[in-house]
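Here is a short walk through one protein model. Take a look at the sequence and the fold before reading on.

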Amino acid sequence: MAGGRPTTYRPENAEIARKSCMLGATNDTLAERFEVCRRTIDNWIATIPEFSDAVRYGREVADEAVISALFARATGMEQKMTKVFCHRGQPVTANYTVQLPPDVRACFFWLRNRRPWQWRENRPLVEEEDDGDWVSELEAASERVRLAAVPERAARSAAEGTALPVPSEAEGSEAERAVRSAAERLRVHL
């Protein structure tokens with residue numbers, strides 16, 4: 001014979017819990033709703049499968065609604081609005097659509113939780129084993145930028161009617177200086 005106080009659980013509590021959890025209820029909120037202590041709710045979840053399933057389902061629905069709203073906020077959305085005016089004593093309604101731009105904080109929140117390896121704040125900038133590859137890529141990009149600037153400068157010189165100076169290693173295009181400046185900030189020597 002089991003000892004203890006008889007349970008106050010009723011079969012209809014599962015449906016009430018499901019609907020409450022769909023609205024965001026926590027175990028504390030459920031305890032208040034059913035006028036029991038928090039440990040009783042924890043016990044019902046652990047021992048009564050229909051109550052546990054109802055709570056889990058309700059929370060999944062609520063979580064999906066929040067995820068959907070966060071995604072819409074992070075990517076921007078259109079919202080249909082209605083405004084009521086009073087024109088010559090008569091109410092007039094006007095329907096219109098408002099374009100809401102993406103919210104940067106929602107984007108950060110989404111990305112930091114969905115892709116923490118890419119978006120966490122304190123991730124390492126460069127891994128030690130990749131040093132050789134990205135340095136050579138940066139050098140090759142710098143050379144491509146320098147060579148791409150030669151025809152541009154030739155066309156500009158031809159338009160101005162001046163002689164095209166021979167590019168030297170010390171002199172570089174603005175793009176090349178920008179690449180070198182970026183490399184110096186990354187502490188890479190080209």
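Start with one residue, Asn27. Leaving aside neighbours within four places in sequence, Asn27 is in contact with Arg38, Ile41, Asp42, Ile45 and Arg59. The model behind these contacts is predicted. Asn27 lies in helix H2, which covers residues 27-34. Is Asn27 buried or exposed? Its relative accessibility is 11%. The cut-off for buried is under 20%, so Asn27 counts as buried.

Now step back to the whole chain. Buried residues make up 19% of the 190 residues in the protein. The accessible surface comes to about 14,800 Å². Carbon and sulfur atoms account for 54% of that surface.

The secondary structure consists of eight helices and two strands. What is their order? From the N terminus on, the elements run α-α-α-α-β-β-α-α-α-α. Contacts also reach along the sequence. Take those between residues at least 6 apart: 47% of them join residues at least 24 apart.

One helix pair deserves a closer look. Helix H4 spans residues 49-75, and helix H5 spans residues 104-114. Their axes come within 8 Å and cross at roughly 125°. Angles over 145 degrees count as roughly antiparallel, and 65 to 115 as roughly perpendicular. The H4 and H5 angle fits neither range, so the two helices are oblique to each other. Their crossing is left-handed.

Which residues meet there? From H4 come Ile67, Leu70, Phe71, Arg73 and Ala74. From H5 come Ala106, Cys107, Phe109 and Trp110. The residues of this contact divide into eight nonpolar, no polar and one charged.

Terms used: Residues are numbered from 1 along each chain as its sequence is written. This is a predicted model: local features need pLDDT of at least 70, side-chain atom pairs count only at pLDDT 80 or more; totals for chains, interfaces and linings use all residues. Side-chain values use heavy atoms; hydrogens and water are left out. Helices (H or I, at least four residues) and strands (E, at least two) are DSSP runs, numbered from the N terminus. Buried means under 20% relative accessible area, exposed over 50%, partly exposed in between (1.4 Å probe, protein chains only). Contact means heavy atoms within 4.5 Å. Axes are lines fitted to C-alpha atoms, for helices over the stretch in contact, and angles run from 0 to 180 degrees between N-to-C directions. Angles under 35 degrees count as roughly parallel, over 145 as roughly antiparallel, 65 to 115 as roughly perpendicular and the rest as oblique. A crossing is left-handed if the near helix is turned anticlockwise from the far one by less than a right angle, and right-handed if clockwise. Ala, Val, Leu, Ile, Met, Phe, Trp, Tyr, Cys and Pro count as nonpolar, Asp, Glu, Lys and Arg as charged, and the others, Gly among them, as polar. Accessible areas come from the Shrake-Rupley method with a 1.4 Å probe; for residues, only the protein chains shown count as cover.
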